[in-house]
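Biologist: Please take a close look at a single part of this model. One residue and the strands around it will do.

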Amino acid sequence: MKTIRNRTDTAVFSLNEKVCESYDFVIEEATAKHIFYINEICEETLSSAKARGTGISGRPPELLEKKMKEGEAIIAFAPDGKWAGFAFISLWENGKYVSNSGLIVAPEFRHTGLAKKIKRKIFELSRKKYPKAQIFSLTTGLAVMKMNHELGFEPVTYSELPNDELFWENCKSCINCPILLSKERKNCLCTAMLYDPKSNNISDSLE
């Protein structure tokens, strides 16, 4: 298992320009040993969705456990071992697409740059495990859109996303699902962004 230590000093997930406390985060590929943190991750995801009033779909514990056991998730910890953040990937349409989903950072570690570090690591994990797949992300957050753009993602229409019914089933727990259904899954409040490895090499040059 590969462990990455990243030092963060300024706020990059937030749009604020304030300087924040420094942390030596440990960011690593999640495994079965991290199942202990699933309830905390699920609770924080739900709490964040309620606080923001925007679309964050629910993540059943069984799904996160499966992702951890299959090496398809990234988890982060503070120096004292406290859980700090998480994200996972999913494969669609027989490997044509990979989604980067579930990015969440514990409240006390927001505005530290951790979200950007996790975003990059989940992107790198996607590229390592499924190098030929197109990677996509759905988000209502401007900060996440900016992170995606830095990695080479481009905005796309919903018609360029997977047509897999199971994928769209995941949207049913989102508060904006009625909007999605009323538009026949052609549009919603989330912005769809896609990284195509065939036409984009920007990630190879990122520091």
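Modeller: What follows starts at Asn100 and moves out to the strands. This is a predicted model: local features need pLDDT of at least 70, side-chain atom pairs count only at pLDDT 80 or more, and totals for chains, interfaces and linings use all residues. Residues are numbered from 1 along each chain as its sequence is written, and side-chain values use heavy atoms, with hydrogens and water left out.

Asn100 lies in strand E5, residues 97-105. Strands (E, at least two residues) and helices (H or I, at least four) are DSSP runs, numbered from the N terminus. Asn100 counts as buried because its relative accessibility is 7%; buried means under 20% relative accessible area, with a 1.4 Å probe and protein chains only. Its side chain makes a polar contact of 2.8 Å with that of Ser126. Such a contact is a pair of N or O atoms within 3.5 Å, where one must be able to donate a hydrogen and the other to accept it. Beyond four places in sequence, the contacts of Asn100 include Phe88, Lys119, Ile135 and Phe153; contact means heavy atoms within 4.5 Å.

Now the strands. E5 and E6 run parallel, joined by 3 bridges. Two strands pair if DSSP finds at least two bridges between them. Tyr97 has Gln134 in E6 as its bridge partner. From E5 the chain crosses through helix H3 (residues 114-129) to E6, a right-handed β-α-β crossover. Right-handed means that, with the strands pointing away from the viewer, the path from the first strand over the helix to the second runs clockwise.

E6 (residues 134-139) has 5 of its 6 residues buried, so the rest of the structure largely encloses it. E6 also pairs with strand E8 (residues 191-195), antiparallel, over 5 bridges. There, Ile135 stands opposite Tyr195.

Note on methods. Buried means under 20% relative accessible area, exposed over 50%, partly exposed in between (1.4 Å probe, protein chains only).
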